[in-house]
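This report describes the fold of one protein chain, with attention to its sheets and the helices around them. Please keep the sequence and the structure in view while reading.

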Amino acid sequence: MSMEDVLRPLVVIGGSLAITLVIGWAVDWLLRRADARHPETPLWDRLRRCRLPLQVTVCTALLSGSYDKTEASVVQRHGSAIGQLLALVLIAAAAWLAVRVSSAIVESSYSRYASSAHDPARVRRVRTQVTLIQRVVAAIVGVVAASAMLLTFPTMRTVGTSMLASAGILGVVAGVAAQSTLGNLFAGLQIAFGDMVRIGDTVVVDGEWGTVEEITLTFLSVRTWDERRITMPVSYFTSKPFENWSRGGTQKVATVFFHLDHSAPIEEMRERLREIVQKSPAWDGRDWNLVVTDTTPSTMLVRALITARDPDDAWTVRCEVREKMITWLRETHPHALPRIATAPAAQPPQTPLERERAHERGNERRTTFARFEDGLHKDAQPPRQGGFDAHYDAQPPKQGYDAPGPWQGR
């Protein structure tokens with residue numbers, strides 16, 4: 001092996017790496033200069049994250065064009081395999097670079113819009129659209145890159161020709177097999193551009209209250225108040241009803257219900273509610289009231305209504321009003337709290353006519369009882385003189401066996 005056989009591969013490989021490093025450094029320097037001159041534009045700083053995929057793409061492209069110039073024995077024996085490998089790496093690196101560049105452009109556009117916008121709802125809407133656009137672009141680039149990588153194999157070209165001949169049948173089969181996936185894909189696009197739900201919205205799905213944390217092309221993640229994650233397909237939000245508390249504004253009305261006794265002091269409760277909401281930082285100052293909305297045989301239903309800036313403040317002020325109002329009732333008006341009555345119910349007041357009739361019935365009962373007592377006195381017999389012993393002594397002595405003998409006196 002001559003010296004030239006050793007130096008040629010080193011020059012080709014080393015030269016490619018040196019050129020790659022120089023190009024990467026030069027591009028990064030230019031981006032830094034542009035970012036320093038235009039700090040209001042975040043695009044240049046985000047494009048600096050593309051340095052690594054750019055260097056991989058440049059290096060692979062240089063090696064693909066010069067690897068056959070090395071005239072090395074390994075290259076001569078496996079030239080086609082090395083060329084195939086470099087082509088695959090070049091396609092993957094180019095796809096990586098394209099995704100990074102598109103993400104930098106989209107994110108910089110969103111950052112500029114978010115910094116100048118004053119409507120949080122529109123900012124969340126644009127954020128949702130930007131996120132889904134990035135995922136769509138990444139999916140398209142990935143599919144194109146995978147197709148290009150497969151077409152580099154000669155055998156796959158023949159398979160591709162045969163597949164194109166039966167494209168109709170394969171399209172029907174693929175459509176049926178991927179019906180759910182395609183449905184979620186189109187549902188994700190509908191959510192992004194239909195403004196149905198956005199990242200950061202407060203929603204209620206299946207009885208669970210939470211905040212939309214992530215939206216992808218196939219699923220949506222909701223973070224509940226207790227830090228749980230509910231993941232559901234995006235088609236759920238296009239086929240079933242759900243509550244979106246952030247749509248149309250973040251303001252919320254909080255309601256608190258009290259089941260109280262009928263003797264509860266409603267006017268004093270209104271004054272106490274006014275004191276509570278005026279001291280609460282969660283109240284937005286718009287409105288509050290307290291009314292009796294329903295009654296039952298044993299209690300009445302009192303509703304307190306308080307406005308808040310957003311659902312979080314509504315929950316906070318609801319808990320605060322409930323706690324402080326119950327504490328105040330327990331300490332100052334314990335009779336107003338609901339209780340179980342075991343005493344007999346109080347009789348309603350009688351009318352004059354009812355009192356006269358009751359008086360007549362009482363007189364009749366007293367007359368009847370007096371007559372009964374007189375009858376008992378008339379039927380009674382007077383007692384005999386001497387009592388029971390005298391009556392016994394008046395009886396003559398019996399004769400015969402029952403007559404007392406002389407021994408009985410002994």
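## Terms and basis

Two strands pair if DSSP finds at least two bridges between them. Helices (H or I, at least four residues) and strands (E, at least two) are DSSP runs, numbered from the N terminus.

This is a predicted model, in which local features need pLDDT of at least 70 and side-chain atom pairs count only at pLDDT 80 or more, while totals for chains, interfaces and linings use all residues. Residues are numbered from 1 along each chain as its sequence is written, and side-chain values use heavy atoms, with hydrogens and water left out.

## The chain as a whole

The chain contains 14 helices and 8 strands. Of its 410 residues, 29% are buried, where buried means under 20% relative accessible area, exposed over 50%, and partly exposed in between (1.4 Å probe, protein chains only).

About 27,100 Å² of the chain is exposed, and carbon and sulfur atoms supply 61% of that area. These accessible areas come from the Shrake-Rupley method with a 1.4 Å probe; for residues, only the protein chains shown count as cover. Contact means heavy atoms within 4.5 Å. Of the contacts in the chain between residues at least 6 apart in sequence, 66% join residues at least 24 apart.

## The five-stranded sheet

One open sheet has 5 strands in the order β4-β3-β2-β1-β5, with antiparallel pairing. Its edge strands, each pairing on one side only, are β4 (229–233) and β5 (243–244).

Within this sheet, β2 (residues 208–215) and β3 (residues 219–224) run antiparallel and are joined by 5 bridges. One bridge partnership sets Gly210 against Thr224 in β3.

## The three-stranded sheet

A further open sheet has 3 strands in the order β6-β8-β7, again with antiparallel pairing. The edge strands here are β6 and β7, each of which pairs on one side only. From one strand to the next the twist averages 15°. Axes are lines fitted to C-alpha atoms, for helices over the stretch in contact, and angles run from 0 to 180 degrees between N-to-C directions.

Strands β6 and β8 pair in the antiparallel sense over 9 bridges. Phe258 has Val302 of β8 as its bridge partner, and Thr255 stands opposite Leu305 in β8. On the pairing of β7 with β8, the count is 8 bridges, also in the antiparallel sense. There, Trp283 has Ala308 of β8 as its bridge partner, and a hairpin of 4 residues joins β7 to β8. Strand β8 is mostly covered, with 8 of its 9 residues buried.

## Helices on the sheet

Helix α12 packs on the three-stranded sheet. It touches β6 and β8, and its direction makes about 25° with that of β6. Helix α11 also packs on the sheet, where it touches β6, β7 and β8; the direction of α11 makes about 155° with that of β7.

Helix α11 covers residues 266–279; at 1.5 Å a residue, its 14 residues should span 20 Å, and its end C-alpha atoms are 20 Å apart, which agrees. The expected span is 1.5 Å times one less than the number of residues. Ile266, Met269, Leu273, Ile276 and Val277 of α11 are buried. They cover an arc of only 90° around the axis, so they lie on the same side of α11; the arc is that of the directions from the helix axis to the C-beta atoms. These buried residues pack against β6 (252–260), β7 (283–295), β8 (300–308) and α12 (311–332). The face turned away from the buried side carries the exposed residues Glu267, Gln278 and Lys279.

## Two charged residues

Arg309 is found in the loop between β8 and α12. Its relative accessibility is 39%, and it therefore counts as partly exposed. Apart from neighbours within four places in sequence, Arg309 is in contact with Thr250, Gln251, Lys252, Pro281, Ala282, Trp283 and Asp284. The C-alpha atoms of Arg309 and Asp284 are separated by 5.6 Å, although the two residues are 25 residues apart along the chain.

Asp28 is placed in helix α1 (residues 3–37). At 5% relative accessibility, Asp28 counts as buried. Not counting residues up to four places away in sequence, Asp28 touches Arg48 and Arg51.
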